[in-house]
Amino acid sequence: MLIEFQVDHVGGPEVLKLQDIPVPEPQDHEILIKVEWTGTNYFDTYKRSGLYPAKLPMTLGTDAVGIVVTLPRVQMVATSLPPLKIGQRVLTCEGAAFAEYMVAPWWQVAPLPDDIDPKSAVAMATSLFTAMYLVRESYQVKKGDWVLVRAAAGGVGLFLCQLCRYYGAHVIGTTSSESKVALARAHGAEHVFLTSNTSAENIEAVHRLTGNGVHVVYDGIGEATWEEDFQIVRPKGTIVSFGNASGPVLPFAPLKLSPKALKVTRPTLGPFIAEPEDFARYATEIFDLVKKGAIKTSIHKVYPFTVEGVAQSQLDITSRNTTGKLVIHVAN
Ligand SMILES: NC(=O)c1ccc[n+]([C@@H]2O[C@H](COP(=O)([O-])OP(=O)(O)OC[C@H]3O[C@@H](n4cnc5c(N)ncnc54)[C@H](OP(=O)(O)O)[C@@H]3O)[C@@H](O)[C@H]2O)c1
């Protein structure tokens, strides 16, 4: 038997329930993992609230660091990652991870290098994979580009600031408090504007710095900042809308893109790591960047694996009072 957090109807954090259920039976292509650490992502709150429809009952959670209990029954093809072994510590961001045991497809599980500690590793899972595909594929950040990162002190935001800086871009961040400004600066943002300024003030400040607006805006806020994105991006620039922290962006007509010949993309992580070698390549690059000290992880708080702990982490991430990552200690 195992304990996991399920929801059988959508709603607020009160719908989270602890269930005692059988250990999942892996399908042929899946690995059984004993979970040690998991993390809270905004995505979990969208599924819990019903913004992202899902089949019920469902187990929440996405990211996990844990120990391999069983290997898949099908032959694993070689990728650029080392082969998986029973008893090995691994990282995945593709599973129902708020649980003592979970299953994941073998090609979305990476052996964790010994020199990366499990708590930091789980803090980088979905958020750092996301930041990587955003700067590589949603828009390819180049040396000298001007980039605007919204919620720059958040879980994805701090990784975006560091990666854009690492690839030589000038990073402008936006955030809601002076302490968050300092954190975003410490992670690579050269300029950070407060969201308490008026929209006109921030648009003018961006144009003063960049001349013509930014090459790309990375926006995980959604509805509240969507219109402003059109004002701060330069002609032929790109708006990457990748989240709904303030609510989803409303439908719009493609003609809206025409005056500045803009590109808009609304990506999600799944398709970027769907193929074994895509996941392997991103995992390898992430581990290398962390090992060489190019990327730091910032952990807001560690929560216990209890009803109160998991619910509190979901309240906290939506409160606007957190920075960096929220992680949950499941077991030793
Ligand atoms: N598409 C993908 O592949 C993908 C993957 C992972 C995450 N995401 C998205 O990325 C975004 C950030 O996720 P995260 O887990 O790293 O969270 P986070 O950035 O740590 O937290 C959300 C932040 O959004 C800002 N915010 C602005 N308006 C808000 C509002 N009305 N309500 C709540 N927060 C507001 C707050 O930062 P300030 O105080 O600085 O304003 C808040 O701290 C989310 O939208 C998430 O869905 C997308």
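This passage describes selected helices, internal spaces and backbone features of a predicted model.

Helix α2, which runs over residues 118–138, is considered at the outset. With 21 residues and a rise of 1.5 Å a residue, α2 should span 30 Å, and the computed separation of its end C-alpha atoms, 29 Å, agrees with that expectation. The helix nevertheless contains a kink of about 50°, and this kink is centred on Ala125. As for its surroundings, α2 is mostly covered, since 17 of its 21 residues are buried. The N-terminal end of α2 is capped by Asp117, from which a side-chain oxygen lies 3.2 Å from the backbone nitrogen of Lys119.

Helix α3 was examined in the same terms. For its 12 residues, a rise of 1.5 Å a residue gives an expected span of 16 Å, and the end C-alpha atoms of α3 are 17 Å apart, which agrees. Nine of these 12 residues are buried, and therefore α3 is largely enclosed by the rest of the structure. The buried residues of α3 are Gly155, Gly157, Leu158, Phe159, Leu160, Cys161, Gln162, Leu163 and Cys164. Just after the helix, Gly168 takes a positive phi of about 90°.

Helix α3 also takes part in the lining of an internal space. The count of cavities of 30 Å³ or more comes to one, and the largest cavity has a volume of about 40 Å³. Helix α3, covering residues 155–166, gives the most to the lining of this largest cavity, with four residues. The lining as a whole is formed by Gly154, Gly155, Leu158, Phe159, Gln162, His187, Lys296, Thr297, Ser298, Gly324 and Lys325. When the lining residues of the largest cavity are sorted by class, two are nonpolar, seven are polar and two are charged.

The second largest pocket has a volume of about 170 Å³. It is lined by 14 residues, of which Val77, Thr79, Leu81, Pro82 and Pro83 are the closest to its centre. The elements that give two or more residues to this lining are β8 (109–111) and α7 (276–291). By class, the lining of the second largest pocket divides into 13 nonpolar residues and one polar residue, with no charged residue.

Several features of the backbone were then considered. In general, most residues other than glycine have a negative phi, and most peptide bonds are trans. In this model, a cis peptide bond joins Leu56 and Pro57, with omega at about -5°, and Pro57 lies in the loop between α1 (42–49) and β4 (58–59). A positive phi, near 50°, is found at Ala151, a residue other than glycine. Ala151 is placed in the loop between β9 (146–150) and α3, and its relative accessibility of 34% makes it count as partly exposed, because that term applies to values between the 20% and 50% cut-offs. Ala261, likewise a residue other than glycine, also has a positive phi near 50°. The loop that holds Ala261 runs between β13 (233–241) and β14 (263–265), and with a relative accessible area of 46%, Ala261 is partly exposed.

Three further residues illustrate how separation along the chain and separation in space can be set side by side. Leu315, in helix α8 (residues 307–317), is partly exposed, with a relative accessible area of 42%. Although Leu315 and Gly12 are 303 residues apart along the chain, their C-alpha atoms are separated by 8.8 Å. Gly237, by contrast, is placed in strand β13 and is buried, with a relative accessible area of 3%. The C-alpha atoms of Gly237 and Asp288, which are 51 residues apart along the chain, are separated by 30 Å. Asp229 lies in helix α6 (residues 226–232) and, at 0% relative accessibility, counts as buried. Asp229 and Ile239 are 10 residues apart in sequence, and the distance between their C-alpha atoms is 6.9 Å.

Definitions and conventions. Residues numbered from 1 in each chain as written. Predicted model: local features only at pLDDT ≥ 70, side-chain atom pairs only at ≥ 80, totals over all residues. Heavy atoms only, no water. Expected span 1.5 Å × (residues − 1). Bend = angle between axes of the 7 residues up to and from the residue. Buried < 20%, exposed > 50% of the residue type's maximum accessible area, 1.4 Å probe, protein only. Polar contact = N/O pair within 3.5 Å; in protein donor to acceptor, adjacent residues only side chain to side chain. 1 Å grid on protein atoms, 1.4 Å probe; cavity = no way out; pocket = protein on both sides within 12 Å on 5 of 7 lines; lining within 4 Å. Points joined across faces, edges and corners; volume = space filled by probe spheres on them. Nonpolar A, V, L, I, M, F, W, Y, C, P; charged D, E, K, R; others polar.
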